[in-house]
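Thanks for sharing this one with me. Here are my notes, set out as numbered points so that you can go through them with the model open.

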Amino acid sequence: FSFSILASAPTSFEGPFGKVLHQVKAVIDTPRFSKDYKCNKIFYVLCPLNLNDIPDIEQPNTMSITKKFNYKLVKSGNIILTATSDLKGYIVGQAIQLRTDIENKSGRDTGAVVASLLQKVAYKSKRWIYDLRTIAEVEGLGVKAWKHAEWKEQILVPALPQSILQGCSLIHIDYYIQVSLKSPEVSVTLPIYIGNIAVNRLPLSPSRSIQHIPSAVVPSAPPEEEEAASGYHPMDNVLIPTKSHSQQQPFSYAPGLSFQEMRVDSEQTGSPSHPTLCLSTGATVPYYAEGNVVPVPTASSLILPPEYSTWGYPY
């Protein structure tokens, strides 16, 4: 028997509250006996997401917020937090170039600054169910009083399910870069896309040409009464060092797990080697990746499909 997979077939996916499953079933009907004979074989479908189909995907992503920072019961100042990423879409193995500018216009030191890659999966049933998890996290030191600090870091994108499950309207996958201060509690969120075909960095038109990340746009100065209360202080420019990073040591997605039987002849694929089948982080099923994939650790635990795991279904 031969079957044709429809172009509208959604990518395979498995999460704690829902899944997209493809399988072949075979049944032998035995009416004279009390039990029929049947078996099934699960296979995986990957419908690649071309990031270049998303408008303005090659543009930098910028978000800024101003927060009043009270201290000494009377005086107050402003904290201006601005986060910028070099692109709005990435593929597995790419590095998210992140720049954070913090203006501390107060006499009090801020808490640590934290940048996180978040995955949010929404499942539609009688009500919406949300699964939010931190994929990777990097932390920098705080900013001293009356300092203008700049923090440059990068987050490597591990193997993750794509942002859009084409053909599936019940499961929505979104990714965000969140940059936040622990004190005062302030954060900015940059929505991003994760796909399978990388962004074409060549300018599509002169108006859309981006050669560098623009300088951070900061709001206007605080009101005069706040300046009068806090007094004038010169702003020194400093660099924030990184305190900790969840992506420092390489790891194996599934030690000892081999998928040699999944490979096919080069005549069938049209390329010397078949895409590598590896297990991804977060809620998903095995993921095909072109070229050499270097796995990186993440802050969250690795979730494997039940058929490849020694433990039960994810909580």
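Contact here means heavy atoms within 4.5 Å. Please keep in mind throughout that this is a predicted model.

1. Let me begin with the chain as a whole. It has two helices and 17 strands. Of its 315 residues, 43% are buried. The accessible surface comes to about 18100 Å², and carbon and sulfur atoms account for 54% of that area. Taking contacts between residues at least 6 apart in sequence, 70% join residues at least 24 apart.

2. Thr-189 is a good residue to look at next. It sits in strand 13, which covers residues 186-195. Once neighbours within four places in sequence are set aside, Thr-189 is in contact with Met-63, Tyr-176, Ile-177 and Gln-178. Tyr-176, Ile-177 and Gln-178 fall within the range of strand 12 (171-181), while Met-63 falls within that of strand 5 (61-70). Ala-115 is 74 residues away from Thr-189 in sequence, yet the C-alpha to C-alpha distance between the two is 9.7 Å.

3. Is Thr-189 buried or exposed, or something in between? Its relative accessible area is 32%. Buried would need a value under 20% and exposed one over 50%, so Thr-189 counts as partly exposed.

4. The loop leading into strand 13 deserves a look too. Pro-184 is found there, between strand 12 and strand 13. The peptide bond from Ser-183 to Pro-184 is cis, with omega near -5 degrees. Most peptide bonds are trans, which is why I would point this one out to readers.

5. Now to an open sheet of five strands, in the order 5-6-8-11-14 and with mixed pairing. Strand 5 (61-70) and strand 14 (236-239) are its edge strands, each pairing on one side only. On average, neighbouring strands of this sheet are turned by 20 degrees against each other, direction ignored.

6. Within that sheet, which way do strand 11 and strand 14 run relative to each other? They are parallel, and four bridges join them. Strand 11 spans residues 147-156. Lys-147 stands opposite Asp-236 of strand 14.

7. Two residues have a backbone value worth checking on your side. Asp-56 and Trp-146 are not glycine, but Asp-56 has a positive phi, near 55 degrees, and Trp-146 also has a phi near 55 degrees. Most residues other than glycine have a negative phi. Asp-56 is placed in the loop between strand 4 and strand 5, and Trp-146 in the loop between strand 10 (128-140) and strand 11.

8. How do Asp-56 and Trp-146 stand in terms of burial? Asp-56 has 35% relative accessibility and is therefore partly exposed. Trp-146, at 14%, is under the 20% limit and so counts as buried.

9. Finally, the surface. Phe-1, Phe-3, Ile-5, Val-24 and Phe-43 make a nonpolar patch of about 650 Å². One of these, Phe-43, lies in strand 4 (residues 37-43). With a relative accessibility of 30%, Phe-43 counts as partly exposed.

Key. Residues are numbered from 1 along each chain as its sequence is written. This is a predicted model: local features need pLDDT of at least 70, side-chain atom pairs count only at pLDDT 80 or more; totals for chains, interfaces and linings use all residues. Side-chain values use heavy atoms; hydrogens and water are left out. Buried means under 20% relative accessible area, exposed over 50%, partly exposed in between (1.4 Å probe, protein chains only). Two strands pair if DSSP finds at least two bridges between them. Axes are lines fitted to C-alpha atoms, for helices over the stretch in contact, and angles run from 0 to 180 degrees between N-to-C directions. Accessible areas come from the Shrake-Rupley method with a 1.4 Å probe; for residues, only the protein chains shown count as cover. Patches are made of residues with over 30% relative accessible area and no salt bridge: like charges are joined within 9 Å, nonpolar side chains (Val, Leu, Ile, Met, Phe, Trp, Tyr) within 5 Å. A salt bridge is a side-chain nitrogen of Lys or Arg within 4 Å of a carboxyl oxygen of Asp or Glu.
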